[in-house]
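Me: Please take a close look at one part of this model for me, namely the salt bridges between side chains. I am a first-year student, so I would like each term explained where it comes up.

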Amino acid sequence: MRAWAAVVVLLGGCAQLGNAPKGGLPADVHARPDANELAEHPCRYGDTAACVAKCERDAQACNATGVLFEFDGGERSDPQVASGFYRRACDANYGPGCNNLAWLYLRGHGVPRDPPHAMVLFMAAFDAARLACGRGDASGCLLAGELLYDGRGVPEDEGQALAFFKRACDGGETRACGAREP
């Protein structure tokens, strides 16, 4: 066993781990988040009350709160309440909020079924996502590409969609890398 350890050290394998710069190793995804992480991202950890409070000043938190209420599958699950949070996110020009609200109207889930209103919301989602992409938000580029690719609220345009996917990937949005390549 010691012989193998010596070989690894001599070849520079594991020996480099002890010399890795701070932040060079990935965070332990199984570690319990610290108080700062919990305060910064309450929606990610299912803290509904803190997520609702953060929604007062953050459209992304409003959308995340909507997701908590729409997809909880338990006691909190209430698509009508989710629609209110999505509306707040959409009113703040946050594309994913408009997109999520559009899906509720398209399906009549928690709101009256209204496909024409859903299309208006998909258009608002595209406009907001396109603007976010222009500001360098890779997730905005991804959403704009998805809406164009599927023709949701905007005319289907595969070429433009692929250009948005490329910008998203180049901006670090890995879900867009290789998305729907011809």
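Reply: What follows goes through the salt bridges of this model one pair at a time. The model is predicted, so local features need pLDDT of at least 70 and side-chain atom pairs count only at pLDDT 80 or more, while totals for chains, interfaces and linings use all residues. Residues are numbered from 1 along each chain as its sequence is written, and side-chain values use heavy atoms, with hydrogens and water left out.

Side chains of opposite charge can pair when their charged atoms come close. A salt bridge here is a side-chain nitrogen of Lys or Arg within 4 Å of a carboxyl oxygen of Asp or Glu, and by this rule the count is 6.

One of them joins D91 and R87, at 3.4 Å from N to O. These two residues lie 4 apart in helix α5 (residues 79-91), which means that about one helical turn separates them; a helix is a DSSP run of H or I with at least four residues, numbered from the N terminus. D91 is exposed at 57% relative accessibility, whereas R87, at 28%, is partly exposed. Buried stands for under 20% relative accessible area, exposed for over 50%, and partly exposed for in between, with a 1.4 Å probe and protein chains only.

Another salt bridge links K166 to D170, at 2.8 Å from N to O. Because they are 4 residues apart in helix α9 (residues 158-170), about one helical turn lies between K166 and D170, and both are exposed.

R175 and E173 also form a salt bridge, with 2.8 Å from N to O. Here R175 is exposed, at 60% relative accessibility, but E173 is buried, at 13%.
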